[in-house]
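Me: I would be grateful for a close look at a single part of this chain, followed by an account of how that part sits within the whole. Please keep the treatment formal and connected.

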Amino acid sequence: MELDENYRILHEENNVILQFYENRIRIKKDNSNEEYEFTQNYYHPTLKSALKSYLNKSIAKPSISEVINKIEEVEKLILKLNK
């Protein structure tokens, strides 16, 4: 499930993974460029804890309106999951 342009939720057998991802470019030994997807995984026991982690990671030095908007976004995602 895509959360925004850089975060998604994945499921494993016993874990919920909050994954940060972005496209990056690396320079190969022959000086050519290669695009790849960088990922960093954060493992959680439940979807709720993964979503809380997403809130913490996606809001850096937020304003009050940004916090309210993020909370509303997560509440919408939770509602979608319950359907």
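Reply:

**The loop between S1 and S2**

Asn15 is located in the loop between S1 and S2. The model is a predicted one, and what follows should be read accordingly. With a relative accessibility of 28%, Asn15 is classed as partly exposed, because that class lies between the limits of 20% and 50%. Leaving aside residues up to four places away in sequence, Asn15 touches Leu10, Tyr43 and His44. Pro45 is 30 residues from Asn15 along the chain, yet the C-alpha atoms of the two are separated by 5.2 Å.

The elements on either side of this loop are strand S1, covering 7–11, and strand S2, covering 16–27. Both strands contribute to the largest nonpolar core, which has 11 residues in all: Leu3, Tyr7, Ile9, Val16, Leu18, Phe20, Ala50, Leu51, Tyr54, Val74 and Leu77. At least two residues of this core come from each of strand S1, strand S2, helix H1 (47–58) and helix H2 (64–82). In soluble globular proteins, nonpolar side chains tend to be buried together.

Leu18, one of the core residues, shows how many parts of the chain meet around this core. Not counting residues up to four places away in sequence, Leu18 touches Leu3, Tyr7, Arg8, Ile9, Gln40, Asn41, Tyr42, His44, Ala50, Ser53, Tyr54 and Lys57. His44 thus appears among the contacts of Leu18 and also among those of Asn15.

At the other end of S2, the loop between S2 and strand S3 (33–44) contains Lys29 and Asn31. Lys29 is exposed, having a relative accessible area of 88%. The C-alpha atoms of Lys29 and His11 are separated by 35 Å, although the two residues are 18 apart along the chain. Asn31 is likewise exposed, at a relative accessible area of 65%. The backbone of Asn31 has a positive phi of about 65 degrees, although the residue is not a glycine.

A further point of reference is Lys80, which belongs to helix H2 and counts as exposed at 62% relative accessibility. Its C-alpha atom and that of Asp4 are separated by 15 Å, with the two positions 76 residues apart along the chain.

These local features belong to a protein chain of two helices and three strands, which follow the pattern β-β-β-α-α along the sequence. The radius of gyration is 16 Å, well over the 12 Å that the globule rule gives for 83 residues, so the chain is more spread out than a compact globule. Along the principal axes, the C-alpha trace spans about 50 × 35 × 20 Å. Buried residues account for 24% of the 83 residues. Of the contacts between residues at least 6 apart in sequence, 33% join residues at least 24 apart.

The accessible surface amounts to about 6300 Å², and carbon and sulfur atoms hold 50% of it. As for charge, the chain carries 13 positive and 14 negative side chains, and the centres of these two sets lie 3 Å apart.

Notes: Residues numbered from 1 in each chain as written. Predicted model: local features only at pLDDT ≥ 70, side-chain atom pairs only at ≥ 80, totals over all residues. Heavy atoms only, no water. Helix = DSSP H or I, 4+ residues; strand = E, 2+ residues; numbered from the N terminus. Rg over C-alpha atoms; globule rule 2.2 N^0.38 Å. Buried < 20%, exposed > 50% of the residue type's maximum accessible area, 1.4 Å probe, protein only. Contact = heavy atoms within 4.5 Å. Areas by Shrake-Rupley, 256 points an atom, 1.4 Å probe, with all protein chains shown as cover. Lys, Arg positive; Asp, Glu negative; His and termini not counted. Charge placed at Lys NZ, Arg CZ, Asp CG, Glu CD. Core = buried A, V, L, I, M, F, W, Y, C linked by side-chain atoms within 4.5 Å.
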